[in-house]
Every structure is written in C-alpha cells, then in structure tokens.
Amino acid sequence: MEALLLGQLQYELAVPTPLHFLHQLISHAQAEEGGGCSPRGPCQPAGPEQARLQHMAEYLLELALLTPESLRYRPSVVAASALQLACNLLAHCCSPCSRVACAKLCRAISAEAAVGLAGCMEELKGMLRWSGSAQQAPCVRDKYSDVRRSSVAQLNTFASAW
C-alpha cells in the first residue's frame, strides 16, 4: 500500500551515497562564494580548476566503492575525506588557480570535521596507490583518464603529496 501511494506521489526514495554528499558540499561552498548555486542541489563547477577538483573527488569516491574498508565510515565522512584529499593532491600538482579553487571548496569542511577524516583519508590514499599499481581497477582508471573527466587518473604526482 505504501509503495502504491509513494508511486502515485512520484516520490523517489534512496539512501544518500557519498556522491550525494560530495555534490552537496560543493554546492554549499559555491553558494557561499556567491556562485549563484542553490545549496539544495548539485550545480556545475565554476571553472576548469573546480571541475578538476570535483572529478578527482569523484574518482576517489569510485575507488572507495572497491574496498569494504570504506563501509566503516558514514557516506558524509567518505565524501568530505575525498574532497579534502582531492584538495591536497591537486594543491601539490596543479596551477596556483587550482590551489585557490581548492581553498574555496575546502572551507566547506570545518576544522573539527577535518580532524575526524584522517582515518578515512588514509583508506582513500591506499586505494589510490592500489589503483595505480599494475592493472588494478582498470575500468575506473580508464573512465577518469578521459578528457571529459579532466584526466585526473593520469596525474602522476600523487607521491609528492604524501
């Protein structure tokens, strides 16, 4: 009966995933910066540097799907960890414009929350190292090697960030 009622009302029920939380973090950060985005839904990145940052965070989230260890963390923590790690990685290997974009988006993560993200970030770093070795996770790497996703899987300067 409930399913029929929800179907008639066109409700869509789903468990929020880390990707949902990531898009919300980015939307909130852009709304705070006056980007004109609504914090109620995802919006397009403001420029190529923010697009690269978003693609890197999405790449990390997709790698997290391949490991059961990421299930120990709430989806919001995984999303915040992926965004923070993407900021750290891109700040070491990209232009000064990217560092500015990273700083803007990382303000969405409070200093208190960032302390609790360390364990999850370590798991994501391990997944990133694992994906770069041999032929691990070739489908995910191929997907994020595409220009439409800023070729973030081909960045080879991750080791300098650690």
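**Exercise 1. Overall architecture**

How many helices and how many strands make up the secondary structure of the chain?

*Solution.* The model examined here is a predicted one. Going through the secondary structure of the chain, one finds eight helices and zero strands, and the elements read from the N terminus therefore run α-α-α-α-α-α-α-α. As a next step, consider burial and contacts: of the 162 residues in the chain, 40% are buried, and among the contacts with a separation of 6 or more, 69% are between residues 24 or more positions apart.

**Exercise 2. The nonpolar core**

Determine which residues of the largest nonpolar core touch the most other members, and which helices supply the core.

*Solution.* The largest nonpolar core holds 35 residues, and those that touch the most other members are L22, M56, Y59, L60 and L63. Turning to the helices, α2, α3 (48–64), α4 (75–93) and α7 (118–132) each supply at least two residues of this core, with the largest share, 11 residues, coming from α4.

**Exercise 3. Salt bridges**

Locate the partners of K143 and E123, and describe where each pair sits in the chain.

*Solution.* The structure holds four salt bridges. One of them joins the side chains of K143 and E62, at 3.1 Å from N to O; K143 belongs to helix α8 (residues 138–143) and E62 to helix α3, so that the pair links distant parts of the chain, 81 residues apart. With a relative accessibility of 32%, K143 counts as partly exposed.

The side chain of E123 meets that of R72 in a salt bridge of 2.4 Å, N to O. Because E123 lies in helix α7 whereas R72 lies in the loop between α3 and α4, this pair ties together parts that are 51 residues apart in sequence. E123 is partly exposed at 23% relative accessibility, while R72, at 56%, is exposed.

**Exercise 4. Cysteines and a surface patch**

Is C120 buried or exposed, and how does C139 count?

*Solution.* The cut-off for a buried residue is under 20% relative accessible area, so C120, at 2% relative accessibility, counts as buried. An exposed residue has over 50%, and C139, at 66%, therefore counts as exposed. A search of the whole structure finds zero disulfides.

For the surface, note that L5, L9, Y11 and L13 form a nonpolar patch with about 470 Å² of accessible area together; one of these residues, L9, is found in the loop between α1 (2–8) and α2 (18–32). The chain as a whole has an accessible surface of about 9,300 Å², of which 58% belongs to carbon and sulfur atoms.

How values were computed: Residues numbered from 1 in each chain as written. Predicted model: local features only at pLDDT ≥ 70, side-chain atom pairs only at ≥ 80, totals over all residues. Heavy atoms only, no water. Patch = residues over 30% accessible without salt bridge, like charges linked within 9 Å, V, L, I, M, F, W, Y side chains within 5 Å. Areas by Shrake-Rupley, 256 points an atom, 1.4 Å probe, with all protein chains shown as cover. Helix = DSSP H or I, 4+ residues; strand = E, 2+ residues; numbered from the N terminus. Core = buried A, V, L, I, M, F, W, Y, C linked by side-chain atoms within 4.5 Å. Buried < 20%, exposed > 50% of the residue type's maximum accessible area, 1.4 Å probe, protein only. Contact = heavy atoms within 4.5 Å. Disulfide = S-S within 2.5 Å.
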